[in-house]
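Open the model in your viewer and keep the sequence panel beside it. We will go from stop to stop, selecting a few residues each time.

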Amino acid sequence: MTLLLGSADLTGLVSRAEVIGAVRTAFIDLAEGRAEQPAPVAFPGTGTTQFLPMAATSHRLGLSAVKVMSDAPDNRSAGLPTQRSTVLLLDARTGECLAVLDGEVVTRTRTAAASAVATDALARSDARVLGLVGAGRLAIEHVHALREIRALDTVLVWSRSPATLRAFHHAVSDLVEVVEAPDPRHVVEAADIVCTLTPARLPVVLGEWFRPGQHINAVGAPPRPDHREIDSAGIARATVVVDSTPTQLLKSGEAVLSIAEGATTAETFSRELGAVLAGSAPGRTDPQEVTLFNSVGIALQDLAYAALAVDRARATGIGINTLTAYDTSGLCVTAGAGAAR
């Protein structure tokens, strides 16, 4: 049986606290050799579209996952999503396809969970003011996720879009005080924790704005080596922690461009979050230190979410089960077996 789970099935299926815990464990598994996470290699679609197949294996769970992500920037002018993705969850021993998940909820939830894990490990314990550069759905998810690990007093937010800001207010203003900032600089200079959540090609945040003791999550830039949200001076100024060093050096504009400009070296991006969580690498060592989690996103995070979601869906009868068989030519034939619910 292969379980099909769409966005409506996945919304609210597992709690944010559960996802944060699963993502934290996945990072530690990677650091301690219980998971595999190769760097993904993109291939071109048509026009400016790129496809990025992302794969990982959890030996502890006995699962593998492959997410195919499309990055289609030209969709923006047509009012379509610029990123789409699908996640396959596989039995790591037999290769059986256990589930197919729409990637929208998966990606948004696990990305914010990774920021929460990094913030919990690296931000000062007295951090109370969250700053968001970008106010879209990922920003909303970050408010929810970070409230799981810090008692936030205020959220400062900036966006170019008044409509996006209105939607942000509607989504979170009953949870925390929301203050609109006139520009990214005001956000960065006033916040204890900063999350950059824009699909920027050119930096929207400068390192000269950072202040002592701050923690930054650089999240929004797509996995293209010519896109970045933080300038080279900012990367050089901070203690950088990454999700996966090989992926960073291949896909992160913050890494590739700051190295090319001579502001950093590959060693700057060698400290992985899993090692910090496992205690084999230092995190924050001084209250005045600026820490920065450079988040490109890895398939192991998708696997962690998918494992939780599939277990919960099977237990509660959510999703559609399909039957998979093979005809005499070896062709895979899949037929719907009806809704599980």
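Is Arg224 buried or exposed? Select Arg224 and have a look before reading on; bear in mind that the model is a predicted one. Arg224 counts as buried, because its relative accessibility is 11%, and the cut-off for buried is under 20%.

**Stop 1: around Arg224**

Arg224 belongs to the loop that runs between strand 12 (215-218) and helix 7 (232-237). Follow its side chain outward: it reaches the backbone oxygen of Thr48 at 2.8 Å. Now show the surroundings. Setting aside residues up to four places away in sequence, Arg224 touches Thr48, Thr49, Gln50, Asp71, Pro73, Lys251 and Gly253.

**Stop 2: helix 9**

One of those neighbours, Gly253, takes us on to helix 9, which covers residues 253-260. Colour Gly253, Glu254, Ala255 and Ser258, since these are buried residues of the helix. What do the buried residues of helix 9 pack against? Their partners are strand 12, helix 7, helix 8 (245-251) and strand 14 (291-294).

Next, zoom in on the two ends. At the start of helix 9, look for Ser252: one of its side-chain oxygens comes to within 3.3 Å of the backbone nitrogen of Glu254. Just after the helix, select Gly262, where phi is positive, at about 80 degrees.

**Stop 3: Pro246 and Ala233**

Two of the partners of helix 9 deserve a click of their own. In helix 8, pick out Pro246. Its relative accessibility is 44%, so Pro246 counts as partly exposed. Apart from neighbours within four places in sequence, the contacts of Pro246 are with Ala39 and Glu272. If you draw a distance from the C-alpha of Pro246 to that of Gly21, you should read 24 Å, for two residues that are 225 residues apart along the chain.

In helix 7, select Ala233. Ala233 also counts as partly exposed, because its relative accessibility is 44%. A C-alpha distance from Ala233 to Val176 comes to 32 Å, with their positions 57 residues apart along the chain.

**Stop 4: Val14, a bridge to helix 11**

Now jump to Val14, in the loop between helix 1 (7-10) and helix 2. With a relative accessible area of 10%, Val14 is buried. Which residue lies 294 residues from Val14 in sequence and 7.1 Å from it in space, C-alpha to C-alpha? Select Leu308 to see the pair. Beyond its neighbours within four places in sequence, Val14 is in contact with Val19, Tyr305, Leu308, Ala309 and Arg312.

**Stop 5: helix 2 against helix 11**

Two packed helices are described by the angle between their axes and the distance between those axes. Show helix 2 (residues 16-31) together with helix 11 (residues 299-316): the axes come within 9 Å and cross at roughly 135 degrees. The two helices are therefore oblique to each other, and the crossing of helix 2 and helix 11 is right-handed.

To see the contact itself, select Glu18, Val19, Ala22, Val23, Ala26, Phe27 and Leu30 on helix 2, then Leu300, Gln301, Ala304, Tyr305, Leu308 and Arg312 on helix 11. Coloured by class, this contact of helix 2 with helix 11 shows 10 nonpolar, 1 polar and 2 charged residues.

**Stop 6: helix 3 against helix 11**

Keep helix 11 on screen and add helix 3. Their axes come within 9 Å and cross at roughly 110 degrees, so helix 3 and helix 11 are roughly perpendicular to each other. Val105, Val106, Thr107, Thr109, Arg110, Thr111 and Ala114 of helix 3 make this contact with Gln301, Asp302 and Tyr305 of helix 11. By class, the residues of the contact of helix 3 with helix 11 are 4 nonpolar, 4 polar and 2 charged.

**Stop 7: helix 3 against helix 4**

For the last stop, hide helix 11 and bring in helix 4. The axes of helix 3 (residues 103-122) and helix 4 (residues 137-147) come within 9 Å, crossing at roughly 45 degrees. Helix 3 and helix 4 are therefore oblique to each other, and their crossing is right-handed. On helix 3, the residues to select include Glu104, Arg108, Ala112 and Thr119; on helix 4, they include Arg137, Glu141, His142 and Leu146. The full contact of helix 3 with helix 4 has 6 nonpolar, 5 polar and 4 charged residues.

Note on methods: Residues numbered from 1 in each chain as written. Predicted model: local features only at pLDDT ≥ 70, side-chain atom pairs only at ≥ 80, totals over all residues. Heavy atoms only, no water. Axes fitted to C-alpha atoms, helices over the stretch in contact; angles between N-to-C directions. Helix = DSSP H or I, 4+ residues; strand = E, 2+ residues; numbered from the N terminus. Parallel < 35°, antiparallel > 145°, perpendicular 65-115°, else oblique. Left-handed = near helix turned anticlockwise from the far one by under 90°. Contact = heavy atoms within 4.5 Å. Nonpolar A, V, L, I, M, F, W, Y, C, P; charged D, E, K, R; others polar. Buried < 20%, exposed > 50% of the residue type's maximum accessible area, 1.4 Å probe, protein only. Polar contact = N/O pair within 3.5 Å; in protein donor to acceptor, adjacent residues only side chain to side chain.
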